[in-house]
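The exercises below are meant to be worked through with the sequence and the coordinates side by side. Try each task before reading the solution that follows it.

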Amino acid sequence: MLESRLLDKNDRLAAQNRAWFDGREILAINLMSSPGAGKTTLLVRTLAELGLPAAVVEGDQESTLDADRIRAAGAPVVQINTGTGCHLEAQMVRSGVDRLKPAFGSVLFIENVGNLVCPSLFDLGEHARVVLLSAAEGADKPTKYPHMFRRADLVLLTKIDLAPHVDFDEAAAVAAIRAVQPGAPIIRLSARTGEGLAAWSDWIKARLRAVHAT
């Protein structure tokens, strides 16, 4: 019962966030993955090459390490530390946005806390959920954590350059993703080599156009 009330309250705040984003034609993207899947590295590369105004809400339990990397890349960023919490919530995102004041028509990246369980339960008001699965993790994560992948609008197979060195079964990973989320596009990506970055950028720009058209 308590969990249901908490989620209901969060959903109401998320709806307010979404309306705020829509009114300013801001595309909000929630990036989710296990720790170490490469969210921050991908963001740094994306911010350098996307060619669009963007800002970042950075979620971690402690430290400002990732926010410092984003700031060094030249993007506005706000760090949200959750302490013992394992996810961001809608109110946290709103407090970050109030501090960031993202530009009209821009992209807001929300880098969630590294976790394949809790973040999937909390709507933040985002327009799209992007889930990263790194080659180093193995192919079984969509089967073990189906709820996370089931709600994905896009799945990025990251660190794909490592695949030959870690015996990553890409076909099995894709089949596992398709079993729980048959509709989400999948992009093979390496932030280190640049493979897949053009497709990722095109996807972001298409979603931003859709936000601008509504």
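The structure shown is a predicted model, and every value in the solutions is computed from it.

**Exercise 1. Ala198 and its helix**

Task: Determine in which helix Ala198 is found, and decide whether Ala198 is buried or exposed.

Solution: Begin with the secondary structure, where Ala198 belongs to helix α9, spanning residues 197–213. Next consider accessibility: the relative value for Ala198 is 53%, and because exposed means over 50%, Ala198 counts as exposed. Finally, look for a residue remote in sequence, such as Thr46, which is 152 residues away from Ala198 along the chain, although their C-alpha atoms are 9.6 Å apart in space.

**Exercise 2. The two sides of α9**

Task: Work out how the buried and the exposed residues of α9 are arranged around the helix, and which elements the buried ones pack against.

Solution: Start with the length of α9, which has 17 residues and extends 24 Å from its first C-alpha to its last, close to the 24 Å expected at 1.5 Å a residue. Then list the buried residues of α9, which are Leu197, Trp200, Ser201, Trp203, Ile204, Leu208 and Val211. These residues lie on the same side of α9 because the arc they cover around the axis is only 160°. The other side of α9 holds the exposed residues Ala198, Arg209 and Ala213. As a last step, follow the buried residues to their partners, and they are seen to pack against the helix α2 and the strands β1 (27–32), β4 (107–111), β5 (128–134), β6 (154–158) and β7 (186–188).

**Exercise 3. Arg178 and α8**

Task: Describe the setting of Arg178 in its helix, and find which residues it contacts once neighbours within four places in sequence are left aside.

Solution: Arg178 is part of helix α8, residues 170–180, and its relative accessibility of 32% makes it partly exposed, since that class runs between the 20% and 50% limits. With the neighbours within four places set aside, Arg178 is in contact with Gly183, Ala184, Pro185 and Ile186. Turning to the helix as a whole, Ala173, Ala176, Ile177 and Val180 are buried, and they sit on the same side of α8 because their arc around the axis is only 100°. The exposed residues Ala171 and Ala179 are carried by the face of α8 turned away from that buried side. The buried residues of α8 pack against β5, α5 (141–144), α6 (146–150), β6 and β7.

**Exercise 4. The largest pocket**

Task: Establish the volume of the largest pocket, which residues are closest to its centre, and which element gives the largest share of its lining.

Solution: The largest pocket has a volume of about 170 Å³. It is lined by 16 residues, of which Pro35, Gly36, Lys39, Asp60 and Asp66 are the closest to the centre. Two elements, α2 (39–49) and β2 (54–60), each give two or more residues to this lining, and the largest share, three residues, comes from β2. Sorting the lining by chemical character gives three nonpolar, seven polar and six charged residues.

**Exercise 5. Arg71**

Task: Place Arg71 in the secondary structure and state its accessibility class.

Solution: Arg71 lies in helix α3, residues 65–72, and with 45% relative accessibility it counts as partly exposed. Val44 is 27 residues from Arg71 in sequence, and the C-alpha atoms of these two residues are 9.1 Å apart in space.

How values were computed: Residues are numbered from 1 along each chain as its sequence is written. This is a predicted model: local features need pLDDT of at least 70, side-chain atom pairs count only at pLDDT 80 or more; totals for chains, interfaces and linings use all residues. Side-chain values use heavy atoms; hydrogens and water are left out. On a 1 Å grid over the protein atoms alone, a cavity is a set of points where a 1.4 Å probe fits but cannot get out, and a pocket is an open set with protein on both sides within 12 Å along at least five of seven lines; lining residues have an atom within 4 Å of a point. Grid points are joined across faces, edges and corners, and a volume is the space filled by probe spheres set on the points. Helices (H or I, at least four residues) and strands (E, at least two) are DSSP runs, numbered from the N terminus. Ala, Val, Leu, Ile, Met, Phe, Trp, Tyr, Cys and Pro count as nonpolar, Asp, Glu, Lys and Arg as charged, and the others, Gly among them, as polar. Buried means under 20% relative accessible area, exposed over 50%, partly exposed in between (1.4 Å probe, protein chains only). The expected span of a helix is 1.5 Å times one less than its number of residues. The arc is that of the directions from the helix axis to the C-beta atoms. Contact means heavy atoms within 4.5 Å.
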